[in-house]
Amino acid sequence: RSSFYQPWKDGRLNLIFWRDVKKTGAVFSTTLILLLSLAAFSVISVVSYLILALLSVTICFRVYKSVIQAVQKSEDGHPFKAYLDMDVALSSETFHHYVSAALVHVNHTLKAILRLFLVEDLVDSLKLAVVMWLMTYVGAIFNGITLLILVTPGVCSPIRKRHQEGGGFLKKKKVI
C-alpha cells in the first residue's frame, strides 16, 4: 500500500513546501483562478470556458503549423501526431488496482458514517452534531467556494515565506 501512495504523497509535499517554485506557483495560481471563476460563474460555464480556451490554443497552433508548412513547403505532418498515436487505453489490471485502492477508502468512510449516524458512540455523534450546527453559521456567512479561496493563500503563504527565510521545512536540523 505504501508504494502505491508514495509518489502522490511526495508530489503533494513538494507542492506544499514550495520545493519547486515554478510548479507550485503554477498550481497555486491555477487553483486560485479556478476557485475565483467558480465563485463568479456556474460550474457548467467554467468548464465550458476552460474547454473553449484549450480548443482555441490547439486550433491556433494547428493552423499556425499548417501555414508554416505551406510557406516553407515542408512535409512535417500533423503537429499533434505523436499524441494522436499514443495508446491511452487503460489496462484492466491498472483499473482494478485503482478501484481496489479506492474501495478501501470508500469502505472506511461508509463504516465511519454508519458509526456516527447510528450512534455507536454517543460522544462522537454529539461532536458531529455540534460541528454541523456550527457549520450552519459558517454557511450563512460564507459559501464553500469563498472558504476555499480564503484558505488557499492562507495555506501557501506562510509556507512560502518560511521557505524564503531560509528553508524552514527544507533544511535538516543538525544534531549536536
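Where in the chain is the place of H78? I looked this up first in the predicted model. I found H78 in the loop between α3 (43-72) and α4 (81-84).

**Entry: surroundings of H78**

I checked whether H78 is covered by the rest of the chain. The relative accessible area of H78 is 27%, so I logged the residue as partly exposed, because that class lies between the cut-offs of 20% and 50%.

Next I listed the contacts of H78. Leaving out residues up to four places away in sequence, I noted R62 and L84 as the residues that H78 touches. R62 stands 16 residues from H78 along the chain, and I read 7.7 Å between the two C-alpha atoms.

I then looked at the polar end of the H78 side chain. One of its polar atoms lies 3.0 Å from the backbone nitrogen of F80. My entry for H78 therefore reads: partly exposed, in a loop, with a side-chain polar atom 3.0 Å from the backbone of F80.

**Entry: surroundings of S125**

I moved on to S125, which I located in helix α6 (residues 122-141). Is S125 buried or exposed? S125 has a relative accessible area of 10%, so I put it down as buried, the cut-off for that class being under 20%.

What does the side chain of S125 reach? I found the backbone oxygen of L116 at 2.6 Å from it. L116 also appears in the contact list of S125, together with R115 and V119, once residues up to four places away in sequence are set aside.

**Entry: the chain as a whole**

I went through the secondary structure and recorded seven helices and zero strands. Read along the sequence, the pattern I wrote down is α-α-α-α-α-α-α.

I noted the burial figure next: of the 176 residues in the chain, 9% are buried. S125 is a buried residue. For the surface, I recorded about 14,600 Å² exposed by the chain, with 69% of that supplied by carbon and sulfur atoms.

I also looked at how far apart in sequence the contacts reach. Taking contacts between residues at least 6 apart, I found that 49% join residues at least 24 apart.

**Entry: confidence**

I closed with the confidence values. The mean pLDDT of the chain is 81, and 82% of its residues reach 70 or more. Which elements have the lowest and the highest mean pLDDT? I recorded helix α1 (residues 2-16) as the lowest, at 63, and helix α5 (residues 92-117) as the highest, at 94.

How values were computed:
Residues numbered from 1 in each chain as written. Predicted model: local features only at pLDDT ≥ 70, side-chain atom pairs only at ≥ 80, totals over all residues. Heavy atoms only, no water. Helix = DSSP H or I, 4+ residues; strand = E, 2+ residues; numbered from the N terminus. Buried < 20%, exposed > 50% of the residue type's maximum accessible area, 1.4 Å probe, protein only. Contact = heavy atoms within 4.5 Å. Polar contact = N/O pair within 3.5 Å; in protein donor to acceptor, adjacent residues only side chain to side chain. Areas by Shrake-Rupley, 256 points an atom, 1.4 Å probe, with all protein chains shown as cover. pLDDT = per-residue confidence, 0-100.
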